[in-house]
Amino acid sequence: PFDVLVVGGGPAGSSAAIYAARKGIRTGVVAERFGGQVMDTMAIENFISVKATTGPKLVASLEEHVKEYGVEVITEQRAANIIDAEETTDGYIHVELESGAVLKARTVITSTGARWREMNVPGEQAYRNKGVAYCPHCDGPLFKGKKTAVIGGGNSGIEAAIDLAGIVEHVTVLEFADTLRADQVLIDKANATPNIDIIKMAQTTQVLGDGNRVTGLEYKDRNTGELKQIELAGIFVQIGLMPNSEWLKGTNVELSPRGEIEIDAHGATSMNGVFAAGDVTTVPYKQIIIAMGEGAKASLGAFDYLIRNPAP
Ligand code: FAD
């Protein structure tokens, strides 16, 4: 059995694994895909102390750092369930994989991340990282002085529009419904910002491009059924960030109404010996540097737990 088993191999999981392994304890990582969302990222310019890098480069460094410590890394495996040590006959926490295998550990750190909800329209995949973006904090500056759109009029969409309006030339917000779901204070701020336009009852139907980059988008005016086009360089999709926590539903690991794992100041969850870190948790602001800090914190939390609780 592992002393620390990390589920998820993104920045949070990598950081947790390194912090654990440096304590000289048996550490494992099980992940569907090492690197997580960072593998899907082209330009990274806000990983402090590294002026500019790419996702695949950062993942290669993460992997090299994790392997330096003899961490057992198991990839292409998905966790399907977790069983409380109090309910197992051997006193270890069990992590059941979709393959049917069971990994046993004294502590588990869950860092299974999150995924952006996609529009599922033609052109979205083809122009991902070529104008289609999901993270305004990350990619906003790439569209300096250009026209952009934000898809989604909830809090994250309107926040993104206000944020982008300070950087880009113009922002068009497209909302599917006839009302915005954002807080009134944000709506008022957006309405008062001269370079933000809000179009309601607008269903995005297509991302337009020239083969290399986004050049615009097409939407259906849901009042008239008419198809309209807007010329722009960037599209920020803000229709929801979904935590990869489905596998924990129905377990003793408590989730928030949005499905995020509830954690305390030490990264501990409601299940004894189980910690969590990064985008899958209730931590505000989902960023690489934050996920790494959270991973380190959860790992130190797990180590504290290990030295206070005897092995089964
Ligand atoms: P993730 O990176 O999501 O990693 C989750 C890990 O868990 C993966 O290994 C995954 O395979 C695994 N996993 C999921 N479910 C299971 C399961 N059931 N069983 C086993 N393994 C599982 N942030 C920045 O700071 N700067 C940027 O420039 C930036 N750009 C971004 C661009 C894009 C396109 C995207 C999508 C995100 C960007 N982000 C950026 C956000 C950043 O990538 C995330 O905040 C960060 O990766 C979160 O790390 P994490 O370890 O919590 O989760």
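Two strands pair if DSSP finds at least two bridges between them. With that in hand, let us work through this predicted model.

**Exercise 1. Find the partners of strand 1.**
Task: Which residue in strand 8 is the bridge partner of Phe-2, and how many bridges join strand 1 to strand 2?

Solution.
- Step 1. Start with strand 8 (102-110). Strand 1 pairs with strand 8 in the parallel sense, over five bridges.
- Step 2. Pick out one bridge: Phe-2 has Ala-105 as its partner in strand 8.
- Step 3. Turn to strand 2 (27-31). Strand 1 and strand 2 also run parallel, joined by four bridges, and Leu-5 stands opposite Gly-28 there.
- Step 4. Check the surroundings: five of the six residues of strand 1 are buried, leaving this strand mostly covered.

**Exercise 2. Place helix 1 in its environment.**
Task: How many residues of helix 1 are buried, and what covers them?

Solution.
- Step 1. Use the cut-off: a residue is buried if 20 or more other C-beta atoms lie within 10 Å of its own.
- Step 2. Apply it to helix 1 (11-21). Eleven of the eleven residues pass, so helix 1 is largely enclosed by the rest of the structure. Among them are Pro-11, Ser-14, Ile-18 and Tyr-19.
- Step 3. Look for the cover, which includes strand 1, strand 2, helix 2 (55-67), strand 8 and helix 6.

**Exercise 3. Describe two helix pairs.**
Task: At what angle do helix 1 and helix 6 cross, and at what angle do helix 4 and helix 5 pack?

Solution.
- Step 1. Recall what is needed: two packed helices are described by the angle between their axes and the distance between the axes.
- Step 2. For helix 1 and helix 6, the axes come within 7 Å and cross at roughly 35 degrees. This crossing is right-handed. The contact includes Ala-12, Ser-15 and Tyr-19 of helix 1 and Met-292, Glu-294 and Phe-303 of helix 6. By type, its residues are 13 nonpolar, five polar and one charged.
- Step 3. For helix 4 and helix 5 (184-191), the angle is about 35 degrees and the axes are 10 Å apart. Helix 4 passes helix 5 in a left-handed crossing. Ile-158 and Glu-159 are among the helix 4 residues that take part, while Leu-186 and Lys-189 are among those of helix 5. Six residues of this contact are nonpolar, one is polar and two are charged.

**Exercise 4. Read the open sheet.**
Task: What is the strand order of the open sheet of five strands, and which are its edge strands?

Solution.
- Step 1. Write the order, 10-17-11-12-13, with parallel pairing.
- Step 2. Find the strands that pair on one side only: strand 10 (132-133) and strand 13 (196-199) are the edges.
- Step 3. Follow one edge inward. Strand 10 runs parallel to strand 17 (234-237), with two bridges between them, and Val-132 stands opposite Ile-235.
- Step 4. Add helix 4 (155-165), which lies across strands 11, 12, 13 and 17 and runs at about 170 degrees to strand 12.

**Exercise 5. Map the ligand shell.**
Task: How many residues surround the ligand, and which are the closest?

Solution.
- Step 1. The shell has 38 residues, the closest being Gly-8, Gly-10, Gly-36, Gly-113 and Gly-278.
- Step 2. Sort the shell by type: 18 nonpolar, 14 polar and six charged.
- Step 3. Trace its elements. Helix 1, strand 2, strand 9 (114-116) and helix 6 (288-308) each supply at least two residues.

How values were computed
Residues numbered from 1 in each chain as written. Predicted model: local features only at pLDDT ≥ 70, side-chain atom pairs only at ≥ 80, totals over all residues. Near = placed C-beta within 6 Å. Nonpolar A, V, L, I, M, F, W, Y, C, P; charged D, E, K, R; others polar. Buried ≥ 20, exposed ≤ 12 C-beta atoms within 10 Å, placed from the backbone. Contact = placed C-beta atoms within 7 Å. Axes fitted to C-alpha atoms, helices over the stretch in contact; angles between N-to-C directions. Left-handed = near helix turned anticlockwise from the far one by under 90°.
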